[in-house]
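Good morning, and thank you for joining the group meeting. Please take a moment to look at the sequence and the structure before I go on.

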Amino acid sequence: MTFSDTQASSPILTISAVGKTYGEHQVRALHDVSLVIVKGEFVSLMGASGCGKSTLLNVIAGLDSASSGQILFEGKDVTKLSDEQVTELRAKKIGFIFQFFNLLSTFTVEENVALPLDLAGILSSSERRERVLEILTRVGMAERLKFYPAQLSGGEMQRVAIARALVHKPELIVADEPTGNLDSENGTNVLALLKDLNKTLKQTIVMATHSEEAGAVGDRIVRMKDGLVISDSKN
Ligand SMILES: Nc1ncnc2c1ncn2[C@@H]1O[C@H](COP(=O)(O)OP(=O)(O)OP(=O)(O)O)[C@@H](O)[C@H]1O
Ligand SMILES: [Mg+2]
């Protein structure tokens, strides 16, 4: 193995025996999940509704906390960070893509995409405009800067949401059913875009999906059932 191979295969996430139990009904959504994800991987997280995919993504992305176990993000134990430190890590290093896009309806395309840059507190306004335009060009939405989400199709909204997830150059993209609310043509386009970002930018992606067709785009498929990882294989 060469030095550059070693670099390329350094873990971005080391998940060890992570459990999650929800609230008053004590639903155990995750049972001791262990997984190592290395930089540059495109991992598809698959399994039936309720198996714990969203829970695992939310815990990985710091949108929710684990009940037990440890998560190392680039070697740092995120389960030991304060709420502010988790928020900062998320703002700087993670981009999240949601099933229902979650664009702010009163913000234009340009303002929605600029949001993570504002939250991370980086760049001057001219650099910010330039970065937003660059990333919207990449997803084919540069012509829609001044549009509001309601003036876009579903596929266009998801491309804007992908631009928003990428604009601050995160180390990790987490995508929860990114094609779950799209027709098959737009779904295929979004998957092709994610694949391209993974190949050309070496963007690390963890994507949850029910769909075998969508999951096949990843280069590794992790299957879950009842809060457990039941298989993990190269695609
Ligand atoms: N906030 C919550 N409070 C209580 N239980 C919850 C909560 N969120 C999720 N659960 C439960 O945790 C389990 C896992 O849910 P999760 O949303 O992670 O599944 P999923 O694999 O993403 O499903 P889907 O494919 O339908 O999105 C389910 O049994 C669900 O009912
Ligand atoms: Mg889900």
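Strand β4, residues 68-73, is joined to β5 by two bridges, and the two strands run antiparallel. Within this pair, leucine 72 faces aspartate 77 of β5. I should say at once that we are looking at a predicted model.

The pair belongs to an open sheet of four strands, whose order is β2-β1-β4-β5 and whose pairing is antiparallel. Which strands stand at the edges? They are β2 and β5, the latter spanning 76-77; each has a single partner strand, so one side of each has no neighbour in the sheet. As a general reminder, strands of a sheet pair through backbone hydrogen bonds, in either a parallel or an antiparallel sense.

The parallel sense appears with strand β3, residues 42-46, which pairs with strand β9, residues 220-225, over four bridges. There, methionine 46 has arginine 223 of β9 as its bridge partner. Strand β9 is also joined to strand β10, residues 228-234, by six bridges, and these two run antiparallel. Arginine 223 stands opposite serine 231 in β10. Two residues separate β9 from β10 in a hairpin, and aspartate 226 in its turn has a positive phi of about 45°.

I turn finally to ligand 1. There are 13 residues around it, of which Tyr22, Ala29, Ser49, Ser54 and Thr55 come nearest. Two or more residues of this shell are given by each of β2 (27-38) and α2 (53-60), and α2 supplies the largest share, three residues. By class, the shell holds four nonpolar residues, eight polar and one charged.

How values were computed: Residues numbered from 1 in each chain as written. Chains lettered and ligands numbered in written order. Predicted model: local features only at pLDDT ≥ 70, side-chain atom pairs only at ≥ 80, totals over all residues. Near = placed C-beta within 6 Å. Nonpolar A, V, L, I, M, F, W, Y, C, P; charged D, E, K, R; others polar. Pairing = 2+ DSSP bridges.
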